[in-house]
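Biologist: I should like to go through this model with you and ask for the reasoning behind each term. Please set the values against the criteria as we proceed.

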Amino acid sequence: MRWKEIAMSDTRFFYVTYIRTTPERLWQALTSAEFTGQYWFGYRLESDWQPGAPWRMVFPDGRVADAGEVLEAVPPRRLVLSWRNEAWPELHADGFTRCTFELEPDGEMVKLSITHAAERPHALISRVASGWPQVLASLKSLLETGRALSRPKG
Amino acid sequence: MSMDVVFRALADRCRRQLLDRLHQTNGQTLGQLCEGLAMSRQAVTKHLAVLEAANLVATKRQGREKLHFINPVPINDIAERWIGKFERDRLRALADLKDALEGNRDE
């Protein structure tokens with residue numbers, strides 16, 4: 001898959017993965033700063049995850065990479081975030097996107113769906129398109145085997 | 001999700017064509033996907049079911065419409081299994097070189 005070929009007209013992505021865990025553990029993995037730091041290749045997600053509260057994704061050195069507001073939080077089922085890049089001016093200028101996490105039990109697995117969408121063509125969308133599958137693989141590995149995947153920066 | 005299911009789904013040229021079309025324009029309805037294809041609507045429906053069972057296509061309802069999205073998660077899992085984290089960039093460079101020399105992708 002060559003992600004550079006993605007048309008800039010793409011305004012949304014919808015990803016699905018199945019993880020052998022419980023909705024409660026998966027919710028914790030998505031929302032705990034310690035947990036996210038383990039599978040998000042060094043980034044941490046920080047918030048109190050109440051509707052209306054701010055959230056941010058922090059680089060290992062403390063700078064803010066992305067940030068937004070918690071639009072909906074229904075543990076352990078549904079989380080909706082507004083999402084804007086804070087680190088690169090050209091991405092920041094495109095404004096907010098919206099990211100929705102849905103967790104559904106499916107036998108011994110949990111189906112995790114992630115929709116990341118923008119109102120109009122948005123530079124962040126094609127960037128997250130290549131990032132999400134790797135983050136999801138790392139998250140799945142951490143929950144199922146206790147070990148996240150490692151990846152060099154870049 | 002068994003990897004056999006993913007490989008079986010990818011082993012068919014028509015199904016790869018459908019993935020190509022979603023890769024080009026994501027979030028299409030069945031009707032949009034059928035446009036300009038030599039396959040019957042029934043055949044496309046069958047192929048989409050196989051792709052969905054392999055989690056290569058994810059569907060989402062929007063009003064009365066059912067939209068199809070390419071889901072690269074299983075393909076990423078295949079890459080994670082055999083392609084080491086340090087090899088990825090070099091392989092991409094090789095793939096780019098191959099594209100540049102040979103024109104476009106194979107089928």
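**Helices, sheet and confidence**

Modeller: In this predicted model, helix α4(A) lies across β1, β4, β5, β6 and β7 of chain A and runs at about 10° to β1(A). Helix α1 (residues 23–31) of chain A lies across β1, β2, β4, β5, β6 and β7 of chain A, at about 155° to β6(A).

Biologist: What makes the direction of α1(A) relative to β6(A) roughly parallel or roughly antiparallel?

Modeller: Angles over 145 degrees count as roughly antiparallel. The angle between α1(A) and β6(A) is about 155°, so α1(A) is roughly antiparallel to β6(A). For α4(A) and β1(A) the angle is about 10°; angles under 35 degrees count as roughly parallel, and therefore this pair is roughly parallel.

Biologist: What is the order of the strands in the open sheet of chain A?

Modeller: The seven strands follow the order β1-β7-β6-β5-β4-β3-β2, with antiparallel pairing. Strands β1 and β2 of chain A are at the edges because each has a single partner strand, which leaves one side of each without a neighbour in the sheet. From one strand to the next, the twist averages 25°.

Biologist: How do you know that β1(A) and β7(A) are paired?

Modeller: Pairing requires at least two bridges. Eight bridges join β1(A) to β7(A), residues 109–117, and the two run antiparallel; A:Ile19 stands opposite A:Val110 in β7(A). At the other edge, β2(A) and β3(A) pair in the antiparallel sense over four bridges, and A:Ser47 has A:Trp55 as its bridge partner in β3(A). These two strands form a hairpin with six residues between them, and A:Trp49 in the turn has a positive phi of about 60°.

Biologist: Why are α4(A) and α5(B) called roughly perpendicular?

Modeller: The axes of α4(A), residues 123–145, and α5(B), residues 73–82, come within 9 Å and cross at roughly 65°. The range for roughly perpendicular is 65 to 115 degrees, and the two helices are therefore given that name. Their crossing is right-handed. A:Pro133, A:Gln134, A:Leu136 and A:Ala137 meet B:Val73, B:Asn76, B:Asp77 and B:Glu80 there. By class, this contact has four nonpolar, two polar and two charged residues.

Biologist: Where in chain A does pLDDT stay under 50?

Modeller: It does so over residues 1–9 of chain A, for which the model has 26 contacts beyond four places in sequence. Where pLDDT is low, the predicted coordinates should not be read in detail. For chain A as a whole, the mean pLDDT is 87, and 92% of its residues reach 70 or more.

Conventions
Residues are numbered from 1 along each chain as its sequence is written. Chains are lettered from A and ligands numbered from 1 in the order in which they are written. This is a predicted model: local features need pLDDT of at least 70, side-chain atom pairs count only at pLDDT 80 or more; totals for chains, interfaces and linings use all residues. Side-chain values use heavy atoms; hydrogens and water are left out. Axes are lines fitted to C-alpha atoms, for helices over the stretch in contact, and angles run from 0 to 180 degrees between N-to-C directions. A crossing is left-handed if the near helix is turned anticlockwise from the far one by less than a right angle, and right-handed if clockwise. Contact means heavy atoms within 4.5 Å. Ala, Val, Leu, Ile, Met, Phe, Trp, Tyr, Cys and Pro count as nonpolar, Asp, Glu, Lys and Arg as charged, and the others, Gly among them, as polar. pLDDT is the predictor's confidence in each residue, from 0 to 100.
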